[in-house]
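Visitor: I should like a close look at a single part of this model, together with the surroundings that help to place it. Please begin with the backbone and the exposure of the side chains, and then work outward.

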Amino acid sequence: MPVKSDAPRAWQRMLSGRRLDLLDPSPLDIEIEDIAHGLARVARWNGQTIGDHPFSVAQHSLIVEMIMRQKFPSLPLEALMMGLLHDGAEYVVGDMISPFKSAIGADYKRIEERLEAAIHIRFGLAPHPTAALKKQIKQADRISAYFEAIHLAGFGKVEAEQLFGAPNGLKEAELPIAPWSTGEAQEAFLERFHTLRKALEG
């Protein structure tokens, strides 16, 4: 008879069959299909957006990588892949809004960083972006958040600019802001990932 552990369960079973330990994640337990599936079903803004579908983290991640290509055209492929995967940890921990992350503090950040490292290592990247790249990803992330805020989440332009900064020349017409279905977001995320992966390996 198996011995029952008193320790709380810290792993999640994935549809791929992998069992990922959230406190000590192994790159061997990470599959891109699980990430795409999860991110396409995680809603940005706690679901408080207009449209027939939630605005997913998968779609947001694609937009961030798209903005990075437009704003920083000389970035290497590894940097673009990190941009695409910048919210990868959210496929298991969800998309907590920034005020809640601040309230939780360092414990959440440590879990997120361990997951980021495992995801990056699984796909042949450095465990974490450099400080310079992290700043570029954050800039693209905030531009995406600005457009999401005013077009989907009910913010006024002045309020959005105060919170996220100005989009600096980019226009919403250049970005796919209208929410996609879960299937569309998942398929587009996987397609972009495999395009980048093939280019990296080529």
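Visitor: In the loop between α1 and α2, is N46 buried or exposed?

Guide: N46 is exposed, because its relative accessible area of 52% is over 50%. This comes from a predicted model, and everything that follows is computed from it. The backbone of N46 also deserves attention: its phi is near 55°, a positive value in a residue other than glycine. W45 lies in the loop between α1 and α2 as well, and its phi is likewise positive, near 60°, again in a residue other than glycine. In exposure the two residues part company. W45 has a relative accessible area of 16% and therefore counts as buried, the limit being under 20%, whereas N46 is exposed.

What does W45 touch? One of its partners is E148, a residue of helix α7. E148 has 0% relative accessibility and therefore counts as buried. Its side chain is joined to that of H60 by a polar contact of 2.7 Å, and to that of S144 by a second polar contact, of 2.5 Å. Leaving aside neighbours within four places in sequence, E148 is in contact with R44, W45, F55, H60, A153 and I177. The buried acidic residue of α7 thus has the loop residue W45 among its contacts.

I177 leads on to helix α2, where Q59 lies. Q59 is buried as well, with a relative accessible area of 0%. Beyond its neighbours within four places in sequence, Q59 is in contact with P176, I177, A178, P179, W180 and A185. I177 therefore appears among the contacts of both E148 and Q59.

The loop begins after α1, and that helix can be examined next. Helix α1 (residues 32–39) and helix α9 (residues 182–201) have axes that come within 8 Å and cross at roughly 145°. The crossing of α1 past α9 is right-handed. On the α1 side, the residues that meet α9 are I32, E33, I35, A36, H37 and L39; on the α9 side they are Q186, F189, L190, F193 and H194. By class, this contact has seven nonpolar, three polar and one charged residues.

How much of α1 is covered? The helix is mostly covered, with six of its eight residues buried. Those buried residues are I32, D34, I35, A36, G38 and L39. Four of them, I32, I35, A36 and L39, also take part in the contact with α9. In an α-helix, residues three or four places apart point the same way, because there are 3.6 residues a turn.

I35 connects this helix pair with a wider set of residues. The largest nonpolar core has 55 residues, and I35, Y91 and F189 touch the most other members. Two or more residues are given to this core by each of α1, α2 (57–71), α3 (77–84), α4 (90–93), α6 (106–122), α7 (131–151), α8 (157–164) and α9. Of these elements, α7 gives the most, with nine residues. I35 and F189 both belong to the α1 and α9 contact described above. Y91, for its part, is in contact with M14, L20, I30, D34, I35, G38, L39 and I119, its neighbours within four places in sequence being left aside.

Helix α4 also holds V93, which is partly exposed, with a relative accessible area of 22%. Leaving aside its neighbours within four places in sequence, V93 is in contact with Y108, I111 and L115. V93 and Y108 are 15 residues apart along the chain, and their C-alpha atoms are separated by 9.3 Å. I111, in helix α6, is partly exposed too, at a relative accessible area of 23%. With its neighbours within four places in sequence left aside, I111 is in contact with L22, L23 and V93. The C-alpha atoms of I111 and A89, 22 residues apart along the chain, are separated by 8.8 Å.

To return to the starting point, N46 is exposed in the loop between α1 and α2, while W45 in that loop is buried and is in contact with E148.

Methods. Residues are numbered from 1 along each chain as its sequence is written. This is a predicted model: local features need pLDDT of at least 70, side-chain atom pairs count only at pLDDT 80 or more; totals for chains, interfaces and linings use all residues. Side-chain values use heavy atoms; hydrogens and water are left out. Axes are lines fitted to C-alpha atoms, for helices over the stretch in contact, and angles run from 0 to 180 degrees between N-to-C directions. Helices (H or I, at least four residues) and strands (E, at least two) are DSSP runs, numbered from the N terminus. A crossing is left-handed if the near helix is turned anticlockwise from the far one by less than a right angle, and right-handed if clockwise. Contact means heavy atoms within 4.5 Å. Ala, Val, Leu, Ile, Met, Phe, Trp, Tyr, Cys and Pro count as nonpolar, Asp, Glu, Lys and Arg as charged, and the others, Gly among them, as polar. Buried means under 20% relative accessible area, exposed over 50%, partly exposed in between (1.4 Å probe, protein chains only). A nonpolar core is a set of buried Ala, Val, Leu, Ile, Met, Phe, Trp, Tyr and Cys residues joined through side-chain atoms within 4.5 Å. A polar contact is a pair of N or O atoms within 3.5 Å; within protein, one must be able to donate a hydrogen and the other to accept it, and residues adjacent in sequence count only if both atoms are side-chain atoms.
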